[in-house]
Amino acid sequence: RFEELADETPAHRVRITHAFYLARHEVTVGQFRAFLLASGHVPESVADGTGGYGYDAAYDPATSPRGDAFAGRDPRWSWRDPGFAQGDAHPVVNVTWNDAMALARWLSAIEGRRYRLPSEAEWEYACRAGSEAPAVPAALAGTANVFDADAAPNWPRWSAFALAAHDGHAFTAPVGSFAPNAFGLFDMLGNVWEWTADWHDEHYYAHSPRDDPRGPPDGTVRVRRGGSWHTWPLYARCAYRNWNSAATRYTLVGIRLAMDAP
């Protein structure tokens with residue numbers, strides 16, 4: 001369904017006129033736990049009582065509304081437990097855009113520096129790391145944690161979309177498990193989707209400013225980028241745009257923070 005890729009067009013040049021830092025790694029389970037303990041923040045997957053999403057190994061394809069093992073939102077699932085094993089070095093999931101913003105505000109107050117989510121333009125600039133070449137799906141084999149032969153047995157409905165290669169991880173991988181890009185950033189593609197600051201507008205590229213685009217002034221959903229451990233290669237590209245509401249919490253979505261340069 002290549003019409004889904006229309007919001008990547010038209011191709012256009014963007015100039016980032018300011019210096020910024022982007023975290024080398026996605027926020028980990030251990031880091032998120034430390035934030036909660038120090039700040040008192042209650043993540044939305046807990047606060048609203050509806051929980052998050054989870055992988056249910058005992059699912060029945062005949063009764064699952066999606067036909068797969070993603071259990072619907074349930075209080076038993078949260079950032080603590082997405083239904084598969086995670087250690088402190090794994091990227092935290094089941095975190096909302098609002099949770100990400102709370103983390104950025106808290107860290108800014110603690111350190112006296114401005115932490116935030118990256119804009120779409122900043123994120124893509126960092127992902128491309130100086131390259132304008134389009135991504136080649138086969139090149140992801142063994143270089144990023146995407147949907148491959150290790151994950152496919154858990155998702156028979158989607159196995160035809162899996163890379164034939166093995167990356168050693170059926171679910172999330174500890175951050176930094178694969179080689180970094182040319183800017184020294186790990187897991188920009190795969191592992192977990194990463195929230196950005198921007199609202200989504202499928203027509204935004206047709207009229208976005210050349211310098212420092214920050215997305216439309218309003219909207220209904222926020223952009224996430226980069227693909228995940230359950231993403232087939234078409235979507236694990238620097239240019240691909242996806243979105244969710246700010247309150248979405250899911251087993252595929254995590255956080256990477258940016259920081260304004262002094």
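Student: Before we look at pairs, what counts as a salt bridge here?
Tutor: A side-chain nitrogen of Lys or Arg within 4 Å of a carboxyl oxygen of Asp or Glu. Keep in mind that this is a predicted model.

Student: OK. How far apart, N to O, are Glu124 and Arg225?
Tutor: 3.0 Å, and their side chains form a salt bridge.

Student: Where do those two sit?
Tutor: Glu124 is in helix H4, and Arg225 is in strand S6, residues 222-225. They are 101 residues apart in sequence, so the pair ties those parts together.

Student: Is Arg225 buried or exposed?
Tutor: Buried, because its relative accessible area is 0% and the cut-off is under 20%. Glu124 is buried too, at 15%.

Student: Which residues share that network?
Tutor: Asp7, Glu120, Glu124, Arg128, Arg225 and Arg241 are joined into one network by salt bridges that share partners.

Student: Switching topic. How many salt bridges does the structure hold?
Tutor: 18.

Student: What does Arg13 pair with?
Tutor: Glu132, at 3.1 Å, N to O. Arg13 lies in the segment before strand S1 (20-22). Glu132 is in the loop between helix H4 (120-128) and strand S5 (193-199). The two are 119 residues apart, so this pair links distant parts of the chain.

Student: And are those two buried or exposed?
Tutor: Arg13 and Glu132 are both exposed.

Student: What about Asp74 and Arg76?
Tutor: Their side chains meet in a salt bridge at 3.8 Å, N to O. Asp74 has 27% relative accessibility, so it counts as partly exposed. Arg76 is also partly exposed, at 47%.

Methods. Residues numbered from 1 in each chain as written. Predicted model: local features only at pLDDT ≥ 70, side-chain atom pairs only at ≥ 80, totals over all residues. Heavy atoms only, no water. Helix = DSSP H or I, 4+ residues; strand = E, 2+ residues; numbered from the N terminus. Buried < 20%, exposed > 50% of the residue type's maximum accessible area, 1.4 Å probe, protein only.
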